[in-house]
Structures are given as C-alpha cells and as structure tokens.
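Subject: The structure we talked about

Hi,

Here is the structure I promised to pass on, with my notes below it. Have a look at it first, then read on.

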Amino acid sequence: AGAGPALRRSVAGACAAAGRWEDALGLLDEMHAEAWDANAAAHGARAELGRLHRSLLSVCARTGDVASALAVTDRVGALTRKLELGREGGAEGGPPDGPDEGGAITLSSALLADIDGHYRTSSEDVYAASPEPPASAVGMGAEEWRMLMVAASKAGDWKVCISTLQFLKPFVEAVAADSTAGSVESAPGPAAHRLDGLYAEVAPALVPAMQCFESSNQLGLAIRALDDWMEWGRRPPKREAAGAAFRLLAKKSEGSQVVGLL
C-alpha cells in the first residue's frame, strides 16, 4: 500500500518473470483502476502503464506464454475502451472491472470462434489503434502487438498469429509508401524518410507470424498474410518473412507460385 506506480511496475514485471502471473495481473488490475482516476495523469500512473504493458508482454514474448499475453492484451483493451467511452461521454463513470467489462470484444474471445482461413476480427471491433501512440498512451501499439505475435509464434499458435495481423493493419497502412502525396519513390524527402523509419519499426512483426505458419505447414495462411501485408504497406516484407513463404512453396513443389511471389 502507498507504493508508487514505478515501484509497482517493477514488482509486477518481477512477478511475471518469476512465473507469478496471478500477482502480476493483480498489480496490473490495480494500476488500471487507478488510471481511471481523473488525477492519475498528474500522479504518473497512466505514464507508467505503457511501460508496464511492454514489460509484461516482453516476458510473454521471451517465454512463449501466449495465454498470459492474451490476458494482458484483454485488460489493455478493456481499459482503453473504457477511457475512450469516458472521454466521449464527458463523464468519468467507474473504473474498468476486468477484461470483459462492458461486453467489449477481445482478441482472446474472438479466437474462441473457429478459424476458417480468413480474418475473423477487425481492429475496429476492439479498440482504435494509433500509428504513433504518445508516450503516455495506455493502448496497444505496434510493438505491443509484435510481442504478442512473438509469444504466439513460439507457442505454435497460428490462430493467434493470423488474428493479431489484423490488429497491425492500421499501423502498416499508416506508414504505407503512398500514404503521403506521391510515393516514396516519386517524392523522396523528409516525409518519405520518416515513413521508411516508421515502417522499419513495424515490419519485424510479420516475421514471427510467417515462421509460425511455416512450422505449422499453413501455406494458405502464409501466402494470404504476405499478400495482405504488401497490400497494406505498399512495400516488400522483410526477407525473413518472405523466406518462410518460399520454403513452404518449395516444400510443396509449387515452383510457379515461387516465381509469381518473386
């Protein structure tokens, strides 16, 4: 009691690293409840939340703990939606009670449905994504989604990988090569270089997904994910991501598709 947000963030991270996820999520819930306080920003509670989310998800990515990653993600989604609704309604209301409060769709609940090879959920169904979230933002950014993807890939959970890709779509589209006047090739300059840098930060997120599809022998999903990524960003993917698709095609002796993909 009385511990500051920075100290509790460190304790929560230590609990997660030690496998004490019940304690870590309990501290996360406490800090989320405090973030609802109108004075939370002044006391630094909201500023620490982004760091806490990344700390917990980095543990999940390192250990391949997709269940805990989804638990964190659902809680972040519940808080983000509640804060957005509070701002829109002009009233503070009450703090979020948990990841399912208000009946909001969460990533983990969406995954309970059967996956038939198509994306079954949209980022707009859960909460809005910003391509450049401010440092004090409490929502999921591209890096947080990437860490969830890494955890799912290490766990071999291709369903989480294919669903998480859709949540990365707004970030990829926001830094597409033609998202400013003219393309990067036709209009080089500060804006184009800035987009190049932002895309370089987002692009690694596709790699663990493609590696998971490769290890799971999901050729159809691999090609679909690669095609969608290039459509969203108007750029080629990282070589590691494309390589996974090429190896899958070669394994199935799909030479013509290899040429087409090239």
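One term before the notes: contact here means heavy atoms within 4.5 Å, and buried means under 20% relative accessible area. Please also keep in mind that this is a predicted model.

**The overall picture**

The protein has 14 helices and 0 strands, so to speak an α-α-α-α-α-α-α-α-α-α-α-α-α-α pattern when read along the sequence. Of its 262 residues, 48% are buried. Taking contacts between residues at least 6 apart in sequence, 71% join residues at least 24 apart.**Helix 11 and what surrounds it**

Most of my notes concern helix 11, which spans residues 206–215. How many of the residues of helix 11 are buried? The count is 8 of 10, so helix 11 is largely enclosed by the rest of the structure. The buried ones are Leu206, Val207, Pro208, Ala209, Met210, Cys212, Phe213 and Glu214. As for what covers them, the list includes helix 8 (142–155), helix 9, helix 12 and helix 13.

Two of these neighbours, helix 13 and helix 8, are worth a look in turn.

*Helix 13.* Helix 11 packs with helix 13 (residues 239–251) at an angle of about 15°, and the two axes are 8 Å apart. Helix 11 is therefore roughly parallel to helix 13, since angles under 35 degrees count as roughly parallel. The crossing of this pair is left-handed. On the helix 11 side, the residues that meet helix 13 are Leu206, Val207, Met210, Gln211, Phe213 and Glu214. Their partners in helix 13 are Glu240, Ala241, Ala244, Ala245, Arg247, Leu248 and Lys251. By type, the residues of this contact divide into 8 nonpolar, 1 polar and 4 charged.

*Helix 8.* Here, too, the axes come within 8 Å, and helix 8 and helix 11 cross at roughly 15°. That angle makes helix 8 roughly parallel to helix 11. This crossing is left-handed. Helix 8 contributes Met149, Val150, Ala152 and Ser153 to the contact, while helix 11 contributes Pro208, Ala209, Gln211 and Cys212. The residues of the contact divide into 6 nonpolar, 2 polar and no charged.

If you zoom in on one residue there, try Ser153, which is found in helix 8. Is Ser153 buried or exposed? With a relative accessible area of 14%, Ser153 is buried. Apart from its neighbours within four places in sequence, Ser153 is in contact with Cys161, Pro208, Gln211 and Cys212.

**The nonpolar core**

In soluble globular proteins, nonpolar side chains tend to be buried together. In this model, the largest nonpolar core has 72 residues. Which of them touch the most other members? They are Trp21, Leu165, Met210, Phe213 and Trp229. Helix 9 (residues 158–174) supplies the largest share of this core, with 9 residues. Met210 and Phe213 are also among the buried residues of helix 11, and both of them take part in the contact with helix 13.

**Two backbone details**

Two loop residues have a positive phi without being glycine, and you may like to check them on screen.

- Asn217 has a phi of about 60°. Asn217 follows helix 11 and sits in the loop between helix 11 and helix 12 (219–233). The relative accessible area of Asn217 is 38%, which puts this residue in the partly exposed class.
- Arg234 has a phi near 55°. Arg234 lies in the loop between helix 12 and helix 13. Arg234 is partly exposed as well, with a relative accessible area of 47%.

**One more residue, at the other end of the sequence numbering**

Arg8 is in helix 1 (residues 5–17). Is this arginine buried or exposed? Arg8 is buried, with a relative accessible area of 11%. Arg8 and Leu28 are 20 residues apart along the chain, and their C-alpha atoms are separated by 8.7 Å.

Happy browsing, and best wishes!

Terms used: Residues are numbered from 1 along each chain as its sequence is written. This is a predicted model: local features need pLDDT of at least 70, side-chain atom pairs count only at pLDDT 80 or more; totals for chains, interfaces and linings use all residues. Side-chain values use heavy atoms; hydrogens and water are left out. Axes are lines fitted to C-alpha atoms, for helices over the stretch in contact, and angles run from 0 to 180 degrees between N-to-C directions. Helices (H or I, at least four residues) and strands (E, at least two) are DSSP runs, numbered from the N terminus. Angles under 35 degrees count as roughly parallel, over 145 as roughly antiparallel, 65 to 115 as roughly perpendicular and the rest as oblique. A crossing is left-handed if the near helix is turned anticlockwise from the far one by less than a right angle, and right-handed if clockwise. Ala, Val, Leu, Ile, Met, Phe, Trp, Tyr, Cys and Pro count as nonpolar, Asp, Glu, Lys and Arg as charged, and the others, Gly among them, as polar. Buried means under 20% relative accessible area, exposed over 50%, partly exposed in between (1.4 Å probe, protein chains only). A nonpolar core is a set of buried Ala, Val, Leu, Ile, Met, Phe, Trp, Tyr and Cys residues joined through side-chain atoms within 4.5 Å.
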